[in-house]
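Let's take a walk through this protein, starting from one pair of neighbouring strands and working outwards. Keep the picture open while you read.

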Amino acid sequence: AEHKMKLQMASVTDGKTGIKDASDQNFDYMFKLLIIGNSSVGKTSFLFRYADDTFTPAFVSTVGIDFKVKTVYRHEKRVKLQIWDTAGQERYRTITTAYYRGAMGFILMYDITNEESFNAVQDWYDTQQRHKPRRSFWGLSGNVCEVEEGRIIGNNREKMGKIQKRFDFFEASAKENISVRQAFERLVDAICDKMSDSLDTDPSMLGASKNTRLSDTPPLLQQNCSC
């Protein structure tokens, strides 16, 4: 019953990202991305900052799973990002891991002021590998980097160095909008680079340069913009 309830909640999320938009077929590519990590590290705030450019200091724990859809443009191609926000509590783990299937990219998040959330990074990664062994792309984000005086997890310690070799690493802040967009852009870049191995990939989607800045505005509108 709980699982059914969460499926219903996901389909009636806000007007911008509800089931009508999710079923829209007017796009060139769709990438499924997940944000995972311990509870209270800021996953929902991170998603809202990227998808809607909004932030609220009020904490509301995600129940099960929710999602938003954001459309971006890369080399004149319309890319629909279906981004799933997962609950971090253990009691929801069975529900959230069911959504790993089909995901092309993950952002694994911890809070730089919470050592327990950082220590759980390896467990989250191992759990994903058990449920979805096929290759996917990873970003690691240390959230709340604006609270330097409360920092517990350093960004230059030996332990962190080992982590950085496995993931694309960012220290970010949903509150101050630091490196949020870059984290998602890096995932999309990695996915597009992998797509270049496919014979049916459109070369115009890939381009020659990495770390291409995604645009929220269709190319035609960009051309007509006086700025």
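## Strand S1 and its partners

Start with Tyr29: its bridge partner in strand S3 is Val79. Keep in mind that what you're looking at is a predicted model. That pair belongs to a bigger pattern, as S1 and S3 run parallel and are joined by seven bridges.

S1 also pairs with strand S4. Those two run parallel as well, with five bridges between them. Look for Leu34, which stands opposite Phe106 in S4. So how much of S1 is buried? Eight of its nine residues are, so the rest of the structure largely encloses this strand.

## Helix H3 and what covers it

Now find helix H3, which spans residues 43-52. Its buried residues are Lys43, Phe46, Leu47, Arg49, Tyr50 and Ala51. What sits over them? The cover includes strand S1 (29-37), strand S2 (65-74), strand S3 (77-86), strand S4 (105-111) and strand S5 (137-143). Helix H8 (180-195) is part of that cover too.

Just past the end of H3 there's a small detail to spot: Asp53 takes a positive phi of about 55 degrees.

## A lysine tucked inside

Strand S2 holds Lys68. Is Lys68 buried or exposed? With a relative accessible area of 2%, Lys68 counts as buried, because the cut-off for that is under 20%. The side chain of Lys68 has company as well: a polar contact of 2.8 Å joins it to the side chain of Asp52.

## The whole chain

Zoom out, and you can find ten helices and six strands in the protein chain. Of its 227 residues, 50% are buried. The chain exposes about 11800 Å², and carbon and sulfur atoms supply 50% of that area.

Take the contacts between residues at least 6 apart in sequence: 75% of them join residues at least 24 apart.

## How far to trust it

The pLDDT averages 76 over the protein chain, and 67% of the residues score at least 70. Two stretches fall below 50. One is residues 1-23, which has 32 contacts in the model beyond near neighbours in sequence. The other is residues 222-227, with three such contacts. Where pLDDT is low, don't read the predicted coordinates in detail.

Definitions and conventions:
Residues are numbered from 1 along each chain as its sequence is written. This is a predicted model: local features need pLDDT of at least 70, side-chain atom pairs count only at pLDDT 80 or more; totals for chains, interfaces and linings use all residues. Side-chain values use heavy atoms; hydrogens and water are left out. pLDDT is the predictor's confidence in each residue, from 0 to 100. Contact means heavy atoms within 4.5 Å. Buried means under 20% relative accessible area, exposed over 50%, partly exposed in between (1.4 Å probe, protein chains only). Helices (H or I, at least four residues) and strands (E, at least two) are DSSP runs, numbered from the N terminus. Accessible areas come from the Shrake-Rupley method with a 1.4 Å probe; for residues, only the protein chains shown count as cover. A polar contact is a pair of N or O atoms within 3.5 Å; within protein, one must be able to donate a hydrogen and the other to accept it, and residues adjacent in sequence count only if both atoms are side-chain atoms. Two strands pair if DSSP finds at least two bridges between them.
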